Amino acid sequence: MELVNIFITSAFIENLALAYFLGMCSYLAVSKTVKTAFGLGLAVIFVLGITMPINWIINTHLLSESGLFKTDLTFLRFILFIAVIASMVQLVEMVIEKFSPSLYNSLGIFLPLITVNCAILGGSLFMVSNEYNFPESVAFGLGGGFGWFLAIIAIAAIREKIKYSNVPPALRGLGMAFLLTGLMGLAFMSLMGIDPAIL
């Protein structure tokens with residue numbers, strides 16, 4: 001039950017895109033059509049779902065004082081986390097290029113940019129700060145990826161519909177995307193509930 005709770009919390013309440021606004025570069029650039037948003041969203045789910053447990057193993061068994069080397073190597077955390085993320089993104093890139101060249105071409109530079117997508121690295125760092133164990137890190141990774149997937153699909157669907165609306169010229173394109181992202185962020189923040197302390 002705790003794993004389901006972590007999954008739901010990371011997908012809806014602590015959404016990486018709409019609660020922390022991480023990964024906005026690819027979120028805004030690739031969300032012009034649902035097809036490309038769907039492909040990138042699946043890639044993010046895969047990368048977060050795989051890198052989070054691997055980074056947990058590295059952090060727990062290599063970098064901590066109780067790990068393999070019996071010394072504090074946490075200063076290497078960023079380098080090793082990014083190396084794991086980059087290798088997983090490279091794997092995803094090769095698979096998409098082989099099985100869906102059209103999606104590969106439409107994603108363009110934003111597919112390899114998942115490597116430096118701060119949502120991926122941020123997820124791993126949140127995992128460390130929350131002190132999750134291995135199953136919890138898997139649930140957190142999959143939930144965080146699913147939440148980012150939902151966010152990019154939602155904004156892409158809205159942006160596709162807005163093409164046919166009478167939007168003022170000053171708000172067309174990224175202006176409207178920023179407004180929509182803010183409104184969606186407010187909607188997701190409502191899932192946090194009301195803090196009884198402020199009542």
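This passage describes surface, pocket and backbone features of one protein model.

The model is predicted: local features need pLDDT of at least 70, side-chain atom pairs count only at pLDDT 80 or more, and totals for chains, interfaces and linings use all residues. Residues are numbered from 1 along each chain as its sequence is written, and side-chain values use heavy atoms, with hydrogens and water left out.

Helices are DSSP runs of H or I with at least four residues, and strands are runs of E with at least two; both are numbered from the N terminus. A residue is called buried under 20% relative accessible area, exposed over 50%, and partly exposed in between (1.4 Å probe, protein chains only).

A nonpolar patch of about 610 Å² lies on the surface. Its members are Phe46, Ile50, Ile54, Leu91, Met94, Val95 and Phe99. Two elements, helix H3 (34-63) and helix H4 (77-99), each give two or more residues to this patch. Helix H4 supplies the largest share, 4 residues. Patch residues have over 30% relative accessible area and no salt bridge; nonpolar side chains (Val, Leu, Ile, Met, Phe, Trp, Tyr) are joined within 5 Å, and like charges within 9 Å. A salt bridge here is a side-chain nitrogen of Lys or Arg within 4 Å of a carboxyl oxygen of Asp or Glu. Areas come from the Shrake-Rupley method with a 1.4 Å probe, and for residues only the protein chains shown count as cover. Methionine 94 belongs to the patch and lies in helix H4. Methionine 94 counts as partly exposed because its relative accessibility is 48%.

The largest pocket holds about 200 Å³ of space. Helix H7 (134-162) and helix H8 (174-189) are the elements that give two or more residues to its lining. The largest share, 3 residues, comes from H8. The lining consists of Lys32, Arg159, Ile162, Lys163, Ser165, Val167, Leu171, Arg172, Gly173, Met176, Ala177 and Leu180. By type, these residues divide into 6 nonpolar, 2 polar and 4 charged. Ala, Val, Leu, Ile, Met, Phe, Trp, Tyr, Cys and Pro count as nonpolar, Asp, Glu, Lys and Arg as charged, and the others, Gly among them, as polar. Pockets are found on a 1 Å grid over the protein atoms alone, as open sets of points with protein on both sides within 12 Å along at least five of seven lines; lining residues have an atom within 4 Å of a point. Grid points are joined across faces, edges and corners, and the volume is the space filled by probe spheres set on the points.

Several helix residues are buried. Isoleucine 45 lies in helix H3. It is buried, with a relative accessible area of 18%. Its C-alpha atom is separated by 4.0 Å from that of glycine 145, although the two residues are 100 residues apart along the chain. Methionine 127 sits in helix H6 and is buried at 1% relative accessible area. From methionine 127 to methionine 52 the C-alpha distance is 7.6 Å, with their positions 75 residues apart in sequence.

Other pairs are set out in the same terms. Tryptophan 56, in helix H3, counts as buried at 16% relative accessibility. Tryptophan 56 and methionine 176 are 120 residues apart in sequence and 38 Å apart in space, C-alpha to C-alpha. Alanine 151 is found in helix H7 and is buried, at 0% relative accessible area. The C-alpha atoms of alanine 151 and valine 84 are 24 Å apart, and the residues are 67 apart along the chain.

Most residues other than glycine have a negative phi. Phenylalanine 21 has a positive phi, near 55°. It lies in the loop between helix H1 (2-13) and helix H2 (24-29), and is partly exposed at 38% relative accessible area. Glutamate 131 also has a positive phi, about 55°. Its place is the loop between helix H6 (118-129) and H7. Glutamate 131 counts as exposed because its relative accessibility is 70%.

Notes: On a 1 Å grid over the protein atoms alone, a cavity is a set of points where a 1.4 Å probe fits but cannot get out, and a pocket is an open set with protein on both sides within 12 Å along at least five of seven lines; lining residues have an atom within 4 Å of a point.
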